[in-house]
Amino acid sequence: MRLEDIAVRLRRRSAWEALDLGHAMLHAWAPRVYRAWFATYWPAGIVILLLLWPWPGYAMFVLWWLKPVFDRVLLHVFSRSVFGNQICVRELLRELPGLLRGPGVLSGLSLRRFSLARSLLLPVWQLEEQRAADARARFRLLGRRCRDHAVWLTVFCANMSSILLVSMLITLSAMVPGEGHDLSLWEWFGDEPSGMRHLFGNLMFMVAETVVEPLYVASGFSLYLNRRSELEAWDIELAFRRLAERRSTTIGAVPLLALLPLALGLALSLPAPLCAQESAQPTHVQSASEHSDLAHRVAREAIDAVLADPVFGQVTEDWRWHWREQPAADDPHERDWLKALVRTIEFLAEVLRALFWIVAGLALAMVILLVVRYRENLGSERARVAPEFLCGLDLRPASLPADIAAAAHAALASGATIEALSLLYRGALVALIDDCQIEFAAGDSESDCRRRVAGRLPEAAEKCFVEVIDAWCLAAYGHLPVSVKRVEALVETWGRHFAARVVRP
């Protein structure tokens, strides 16, 4: 990209001026723009109309949905023209596959299709070839000051396109010969319109887009150029480059210094008056130098005075209410009690607003606390399925013996302490699920089971359950020996509290 070749005069513009610049760009390059548009949009539109001839109601929707694809063609022409490069239709058709494979095509037809600032986003995809996170960061940077203007551009062009379409359809309806024809658009897009009416409606839509869409792309592109020029100081860079070119042309006169020895010899051979006249020349040069220094000092003092102004370079945002017409400070009719009343009301308003936010925050915290505390009961109306496996243990009824206490005594007699504790633990869990209606999650651990049971059983039963969990953790996870007497005591206690609670199928 060579800024020296840019065909647009770079200067600081407001966003509205930048949008107006797009109209000037379209006016200047209209022939090449519309040649590209008629070479791509209209053939594709005719093909779409023919393919969807049995379903003419969907043709207009498809044409509207594919507009971002044809916007790429327009932007390609504008981007080449802004740097003085003309593009013919044949060259455009050769480059068309590359435009359709560029970044942002799928996003522009899916996620970003309904973006109201897509005229500003398209150059980021097509010209800068940004993707993913880099593109999103670029969108945020470019749209920081001009996204609202791009949105208004979309709203304006959408309304203009709709107005043009409706106007042309009403005009055609009015020109139809015969009597009794109303001007309702339902005749064009109703339930049972004729095929020709749908065809004319779709063609009028294409005509409206032909008028509006090039202006939309040109204005969005000019807004993009203005924002980049503002961020990257293109106008300043271009001014420095031109200054450097002028200095380089003056440096070309340096070879003339080779004639200096000859000129010096001629000067020495001149008579004395001429030498005296030349000796007075440095005084003139000295006075010019002093005049330049004086002008520089005056300019510096003026610049310093501007920079010293407290208003310069400051932006103040005031969110307080002010009277539109403020009385003069020396107004004798001003009432002090009214000012005191206003200040009191303002103070009370601030206090009430602070109290409101405090109460709202406390209420929100209370709601969150209640949701977290009773989250398990929020879905109590729906049927819950008991887990078949919990803590790695099989809780299915078929996996448990008919008499769990007897089976635990038998396992303990054979020296299988872990198996006996497993039977007690599994039986207690099944009893709590079936009889006590305590809900366990499939991923609960031993500590989770203990927490869920806390406070929901009699003290003796809860103590027995906790002792079973402790013994099970020591034997199964800690691989520590558990005395037979302790296990036998647990079996007896378990039988009193959980044997009758186990529901058998």
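**Exercise 1. Burial and surface of the chain**

Task: State what share of the chain's residues is buried, and describe the exposed surface.

Solution. Start with burial. Of the 505 residues in the chain, 33% count as buried. Buried means under 20% relative accessible area, exposed means over 50%, and partly exposed lies in between (1.4 Å probe, protein chains only). Next, the surface. About 32800 Å² of the chain is exposed, and 63% of this comes from carbon and sulfur atoms. Accessible areas come from the Shrake-Rupley method with a 1.4 Å probe; for residues, only the protein chains shown count as cover.

Two notes on the model apply throughout. It is a predicted model: local features need pLDDT of at least 70, side-chain atom pairs count only at pLDDT 80 or more, and totals for chains, interfaces and linings use all residues. Residues are numbered from 1 along each chain as its sequence is written, and side-chain values use heavy atoms, with hydrogens and water left out.

**Exercise 2. Confidence**

Task: Find where confidence is lowest and where it is highest in the chain.

Solution. Begin with the average. The chain has a mean pLDDT of 78, and 78% of its residues reach 70 or more. pLDDT is the predictor's confidence in each residue, from 0 to 100. Now the extremes. Helix H13 (residues 272–279) is lowest, at a mean of 41, while helix H2 (residues 30–51) is highest, at 93. Then check the weak stretches. Residues 179–183 have pLDDT below 50, and this stretch has 5 contacts in the model beyond near neighbours in sequence. Residues 256–260 also stay under 50, with 0 contacts beyond four places in sequence. A contact means heavy atoms within 4.5 Å. Where pLDDT is low, the predicted coordinates should not be read in detail.

**Exercise 3. Fold content and helix H4**

Task: Count the helices and strands, then explain why H4 is largely enclosed.

Solution. The chain has 20 helices and 2 strands. Both are DSSP runs numbered from the N terminus: helices (H or I) have at least four residues, strands (E) at least two. Take the contacts next. Among those with a separation of 6 or more, 71% join residues 24 or more positions apart.

Now H4. This helix covers residues 67–81, 15 residues in total. From first C-alpha to last, H4 reaches 21 Å, close to the 21 Å expected at 1.5 Å a residue. The expected span is 1.5 Å times one less than the number of residues. Finally, burial. H4 is largely enclosed by the rest of the structure because 15 of its 15 residues are buried.

**Exercise 4. Two buried residues of H10**

Task: Identify what Thr210 and Ser229 touch.

Solution. Thr210 sits in helix H10 (residues 195–232). Its relative accessibility is 7%, so Thr210 counts as buried. Leaving out residues up to four places away in sequence, Thr210 touches Tyr34, Trp37, Phe38, Tyr41 and Trp42. With Trp42 there is also a side-chain polar contact of 3.0 Å. A polar contact is a pair of N or O atoms within 3.5 Å; within protein, one must be able to donate a hydrogen and the other to accept it, and residues adjacent in sequence count only if both atoms are side-chain atoms.

Ser229 lies in H10 too. Ser229 is buried at 7% relative accessibility. Outside the same four-place limit, Ser229 touches Leu10, Trp234 and Asp235.

**Exercise 5. Positive phi**

Task: Give the phi of Glu129 and of Ala132, and place each residue.

Solution. Glu129 has phi near 55°, positive although the residue is not glycine. Glu129 lies in the loop between helix H7 (118–126) and H8. Its relative accessible area is 55%, so Glu129 is exposed. Ala132, also not a glycine, has a positive phi of about 50°. Ala132 belongs to helix H8. With a relative accessible area of 55%, Ala132 is exposed.

**Exercise 6. Cysteines**

Task: State how many disulfides the structure holds, and whether Cys146 and Cys449 are buried or exposed.

Solution. The structure holds 0 disulfides. The criterion is a pair of cysteine sulfur atoms within 2.5 Å. Cys146 is buried, at a relative accessible area of 4%. Cys449 is buried as well, at 0%.
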